[in-house]
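This report describes one protein chain, beginning with its charged side chains and ending with its overall make-up.

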Amino acid sequence: MALAAVLLASGCASQTSGRPVPDGHAAAARYLAIANAGNQRLDIDFDHLDGPDQGNLPAAQADLRDASATEHLFDRNLQAITFPPPTEAVAKSLFAVNEARADLTATAARVTSLAGLAGYEKQLTAADVPVENAVKTIRQQLGLPPPPTS
């Protein structure tokens with residue numbers, strides 16, 4: 001897939017600080033790779049949670065544990081990407097809000113009843129909002145298409 005990322009400067013160019021300017025194309029490609037992998041895994045977890053694992057507490061807990069682990073993995077991989085300066089700030093924000101969401105997901109996975117699990121649904125949905133906003137901004141800044149919707 002062709003990336004329509006805006007190349008802010010070549011990897012050899014330097015800022016006034018003397019540090020190389022990150023390559024926007026490389027950052028976009030790396031971001032897209034980790035985002036696609038994470039989204040595929042999360043789609044599976046939440047499709048199971050809303051489908052065959054609905055009403056099955058141990059299976060739902062496993063789905064949520066996997067979702068939390070996937071979110072944490074995305075965050076570790078996100079930190080390894082060198083973004084152009086404007087996007088770097090948004091990536092740090094994304095890391096923070098996604099870590100909070102991952103922690104909430106892990107907490108929900110530890111509930112001991114289906115009713116307790118249902119009590120987390122609104123909180124988990126609300127935790128998605130700042131993550132989705134940061135993702136949209138990063139994609140826009142890197143010249144990537146908006147994220148797919150499920």
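## The network around Arg41

Arg41, Asp45 and Asp66 form a network of salt bridges in what is a predicted model. Within this network, the side chains of Asp66 and Arg41 meet at 2.7 Å, N to O. This pair joins distant parts of the chain: Asp66 sits in helix α2 (residues 57–79) and Arg41 in helix α1 (residues 24–50), with their positions 25 residues apart in sequence. Asp45, the remaining member of the network, is also in helix α1.

The members of the network are covered to various degrees. Asp66 has a relative accessibility of 27% and is therefore classed as partly exposed. Arg41, at 35%, is partly exposed too. Asp45 has a relative accessible area of 2%, so it counts as buried, the limit being under 20%.

## Surroundings of Asp45

What does Asp45 contact, once its neighbours within four places in sequence are left aside? The list consists of Asp63, Asp66, Ala67 and Thr70. Ala67 also takes part through its backbone: its nitrogen lies 3.2 Å from a polar atom of the Asp45 side chain.

Thr70 appears in another pairing with helix α1. Its C-alpha is 6.1 Å from that of Gly38, although the two residues are 32 apart in sequence. Gly38 is placed in helix α1 and, with a relative accessibility of 9%, is buried.

## Arg101 and its two partners

Side chains of opposite charge can pair when their charged atoms come close. Arg101 has a salt bridge to Glu71 at 3.1 Å, N to O. Here too the pair spans distant parts of the chain, with Arg101 in helix α3 (residues 85–109) and Glu71 in helix α2, 30 residues apart. Arg101 also meets Asp128 in a salt bridge of 2.9 Å, N to O. Asp128 belongs to helix α5 (residues 121–141) and is 27 residues from Arg101, so this bridge links helix α5 to helix α3.

Are these three residues buried or exposed? Arg101 is buried, with a relative accessible area of 12%. Glu71 is buried as well, at 2%. Asp128 is partly exposed, at 24%. A search of the whole structure gives four salt bridges.

## Surroundings of Glu71

Glu71 lies in helix α2. Its side chain and that of Arg101 are also joined by a polar contact of 3.1 Å. Not counting residues up to four places away in sequence, Glu71 touches Leu42, Asn98, Glu99, Arg101, Ala102 and Thr105.

Among these contacts is Arg101, the residue that also pairs with Asp128. Glu71 in helix α2 and Asp128 in helix α5 thus each have a salt bridge to Arg101 in helix α3.

## Nonpolar cores

The largest nonpolar core has 19 residues, of which Tyr31, Phe74, Leu78, Phe83, Leu94, Ile138 and Leu142 touch the most other members. Helices α1, α2, α3 and α5 are the elements that give two or more residues to this core. The biggest contribution comes from α1, with six residues.

Leu78 illustrates the packing. With its neighbours within four places in sequence set aside, Leu78 is in contact with Tyr31, Ile34, Phe83, Ala91, Leu94 and Phe95. There is also a second, separate core of twelve residues, which includes Ala60, Leu64, Leu104 and Leu117.

## The chain as a whole

How many helices and strands does the protein chain have? There are five helices and zero strands, giving the pattern α-α-α-α-α along the sequence. Of the 150 residues in the chain, 38% count as buried. Among contacts between residues at least 6 apart in sequence, 65% join residues at least 24 apart.

The accessible surface of the chain comes to about 8300 Å², and carbon and sulfur atoms account for 57% of that area.

Notes:
Residues numbered from 1 in each chain as written. Predicted model: local features only at pLDDT ≥ 70, side-chain atom pairs only at ≥ 80, totals over all residues. Heavy atoms only, no water. Helix = DSSP H or I, 4+ residues; strand = E, 2+ residues; numbered from the N terminus. Buried < 20%, exposed > 50% of the residue type's maximum accessible area, 1.4 Å probe, protein only. Contact = heavy atoms within 4.5 Å. Areas by Shrake-Rupley, 256 points an atom, 1.4 Å probe, with all protein chains shown as cover. Polar contact = N/O pair within 3.5 Å; in protein donor to acceptor, adjacent residues only side chain to side chain. Core = buried A, V, L, I, M, F, W, Y, C linked by side-chain atoms within 4.5 Å.
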